[in-house]
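Got the viewer open? Load the model, show it as a cartoon, and keep your selection tool handy.

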Amino acid sequence: MPSSLALPDLTGRTVLVTGANAGIGYWCAEILAQHGARVLLGCRSAGRAETAASSIRAQVPGADIGIVPVDLGSLVSIASAAASVEERLDAVICNAGVKAADRSARTADGLDLMAGTNFLGHFALLAQLGDALADDARVVAVGSLAHRFAEIDPATLSQPWSGPSLRQYGRSKAALMAFAFELNRRWRGTARAALCAHPGYAVDPLTPYRDGLAEVSSTMRALASLSRPFVQGKDAGAAPIVHAAVAADATGGDYWGPGGLLEFRGAPARVTASAQVRSVDVGVELWAVAEELTGVRFAT
Ligand SMILES: NC(=O)c1ccc[n+]([C@@H]2O[C@H](COP(=O)([O-])OP(=O)(O)OC[C@H]3O[C@@H](n4cnc5c(N)ncnc54)[C@H](OP(=O)(O)O)[C@@H]3O)[C@@H](O)[C@H]2O)c1
């Protein structure tokens, strides 16, 4: 785990992390628990969630961990997950994400899998969490460097796409980011805040071993160590995201990422988001499209 994290004592604070059973989401959860937070693991597999919870407890004796079953690719699952949260959330980290090469892949509701999971799933979840969000809650959207190469067209977001799958992935992450910036604008005048953060280029072979999580052979680890000057482990990738969620110097509308070369690795720093994801027009149009596609209204 990155040793340089300057985070406050989080005792008494509760953070929901989606996709917390693997990769960056897992590390967000472990770091938060290490700093005293109660962490709710938002996961679609009960077994993988239990494995992650056990691993965190093994690393952080006395860790306060709960599990919220949620499949971000199912509006029914999202609605019941949101309704099941009975405690106040001080932060929500919208981390769960999927990169799919198959353009026919769909969510349970027939939405494009990447747009539906990465953006619309989190839109529907936050919209329905309602009063479970603390009056000064922070929401962090986990974006990506890929957003810079993406063109968001809200009207066609969930329609069949063509071209490289990376472009549609970038669109889905850009849409999540544009939504977070729009949410922050709509929360202006309240103590709530929405921010974006990205993990840089974060890979499993550079990530410390955790029982039951990603299995990486020693050969892969050895080979990957050559890339360490350029990329980082998922533990380090989690750092800017956790920073955005809880650090005192992070505020609504911020975008955090690794501060090193090309933002691939490094300690958390404020970084620059594209003009498109910060655009008010795009944010407003996306919001309307998201309400229509999910059938969920957002009371802000
Ligand atoms: N790694 C990078 O370099 C990088 C760079 C930029 C952005 N990101 C973003 O960072 C986030 C985490 O990436 P990662 O590298 O840690 O990926 P990962 O190791 O593949 O983990 C993805 C997590 O998302 C969960 N997830 C996927 N679909 C879900 C669904 N329908 N419902 C609930 N959970 C779901 C997965 O759960 P299952 O185990 O159930 O599949 C898993 O816990 C993603 O949003 C990704 O776009 C990563």
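Here's a short walk from the strands to the ligand.

This is a predicted model, with local features needing pLDDT of at least 70 and side-chain atom pairs counting only at pLDDT 80 or more, while totals for chains, interfaces and linings use all residues. Numbering starts from 1 along each chain as its sequence is written, and side-chain values use heavy atoms, with hydrogens and water left out.

**Stop one: the strands.** Select residues 38–43 and 64–69: these are strand 2 and strand 3, running parallel and joined by six bridges. (Strands pair if DSSP finds at least two bridges between them; helices are DSSP runs of H or I with at least four residues, strands runs of E with at least two, numbered from the N terminus.) Pick Cys 43 and you'll find Pro 69 of strand 3 opposite.

Now add helix 2, residues 46–59: with strand 2 and strand 3 this helix makes a right-handed β-α-β unit. Point the strands away from you, and right-handed means the path from the first strand over the helix to the second runs clockwise.

**Stop two: the ligand.** Which residues are the closest to the ligand? Of the 25 that surround the ligand, Arg 44, Arg 48, Asn 95, Tyr 169 and Lys 173 are the closest; the cut-off is a heavy atom within 4 Å.

Zoom in on the polar contacts (pairs of N or O atoms within 3.5 Å). Ligand oxygen atoms lie 2.5 Å from a polar side-chain atom of Tyr 169, 2.7 Å from a side-chain N or O atom of Lys 173 and 2.8 Å from a backbone N or O atom of Ala 202. Finally, color helix 1 (23–34) and helix 5 (165–186), the elements that give two or more residues to the ligand's shell.

Conventions:
A polar contact is a pair of N or O atoms within 3.5 Å; within protein, one must be able to donate a hydrogen and the other to accept it, and residues adjacent in sequence count only if both atoms are side-chain atoms.
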